[in-house]
Amino acid sequence: MDYDYDSLVSLAAVIREGGFDAAAKSLDVTQSAVSQRIKQLEDKVGAILIIRGRPCVPTELGLQLCRHVEQVTLLQHELNDQISSLIDGQTDKAATIRIAVNNDSIASWFPNVMKRAAQDLNVQLEIIPDDQEHTEKSLKSGNSLAVVTTLEKPVQGCRRISLGAMEYIAVASAEFYAEHFSQGVSLETIKGTRCLAFDRKDTIQDQWMTLCFGAPAKVFTHMVPSYEGYVACCLNGTGWGIVPGNAGEPHLKTGKLIELVPDKRINISLHWQSSTQSSEILRRLGELVREEAMTHLLPDAFRAV
């Protein structure tokens, strides 16, 4: 089946911007032109591609077509850069790559990737934040071209690079520790305490309690879906929580935070997975991600599959 790429670009814009009006503005066309293109594309494939609403939501087929057009766009961008550099040494405007990254990486080492991607590859990144155990769903659905994930087994049609591990430590403020753990931290003393979680997908607290005590205890959980807010709640004694080592260590040194069980830390291995069908730019981005990970994460098996 031959596709009209103006229609595919319009489809991707509606999904990216969340609506027809915003998509039309981003493409510098009328809203009716976008609507007509989407209708013609849906008529051609014989299926609904966008569930109209606020925001507009893509169907599974719509996401697959978006993934295809993003891959083609990257290839076109790469070709334009090569042609432009041969003619006048100038490069085209930046390409956009949508990737899913876990929240702790976004708040710590991944900004270095974004800076280098813009400087070295002429690429701008659209980040989809999620828990590291769930980012691969975005890759499987076609909503992103690459992900940072805990999934070690390569997704079908994807290349995997091991990045290393993020270290997590269980901490509480000195006041919280004195109030609840004056007799030490155990399964009994931690039971019924106030705990912090990023969201309902966050299971690292149970993982840590299982590591320390053989099973998780029942605790009262505050949901704090913000990296900075989560750390702030640890510091002010709202509850105990699990924070990345690079966020907790400075506060351990000042005594503002206390590690609940020293030497009982969770190491979460992270991997980069990206489509094998995309451009050289995406391959180079993967290498850049690996370089930054080697600098900021704990050593792991740095190999590609």
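Reader: Hello! Which residues on the other side of α6, away from its buried ones, are exposed?
Author: Welcome! This is a predicted model, where local features need pLDDT of at least 70 and side-chain atom pairs count only at pLDDT 80 or more, while totals for chains, interfaces and linings use all residues. Residues are numbered from 1 along each chain as its sequence is written, and side-chain values use heavy atoms, leaving out hydrogens and water. Buried means under 20% relative accessible area, exposed over 50%, and partly exposed in between (1.4 Å probe, protein chains only). On the other side of α6, the exposed residues are Lys-115 and Gln-119.

Reader: Which residues of α6 are buried, and how wide an arc do they cover?
Author: Helices (H or I, at least four residues) and strands (E, at least two) are DSSP runs, numbered from the N terminus. The buried residues of α6 are Phe-110, Val-113, Ala-117 and Leu-121. They lie on the same side of α6, because their arc, taken from the directions from the helix axis to the C-beta atoms, is only 40 degrees.

Reader: Why might residues three or four places apart point the same way?
Author: Think of the helix as a winding stair. Residues three or four places apart point the same way because an α-helix has, for each turn, 3.6 residues.

Reader: How far apart are the end C-alpha atoms of α6?
Author: The expected span of a helix is 1.5 Å times one less than its number of residues. For the twelve residues of α6 (residues 110–121) that gives 16 Å. The end C-alpha atoms agree with this, being apart by 15 Å.

Reader: Which residue follows α6, with a positive phi?
Author: Most residues other than glycine have a negative phi. The residue after α6 has a positive phi, near 55 degrees. Sitting in the loop between α6 and β4, this residue is Asn-122.

Reader: Is Arg-98 buried or exposed?
Author: Arg-98 is in strand β3. Contact means heavy atoms within 4.5 Å, and Arg-98 touches several residues more than four places away in sequence, including Arg-16, Glu-70 and Glu-126. With a relative accessible area of 5%, Arg-98 is buried.

Reader: Where is Asp-263, and is it buried or exposed?
Author: Asp-263 is in the loop between β10 (257–259) and β11 (266–275). Its C-alpha is 10.0 Å from that of Cys-212, though they are 51 residues apart in sequence. Its relative accessibility is 73%, so Asp-263 counts as exposed.
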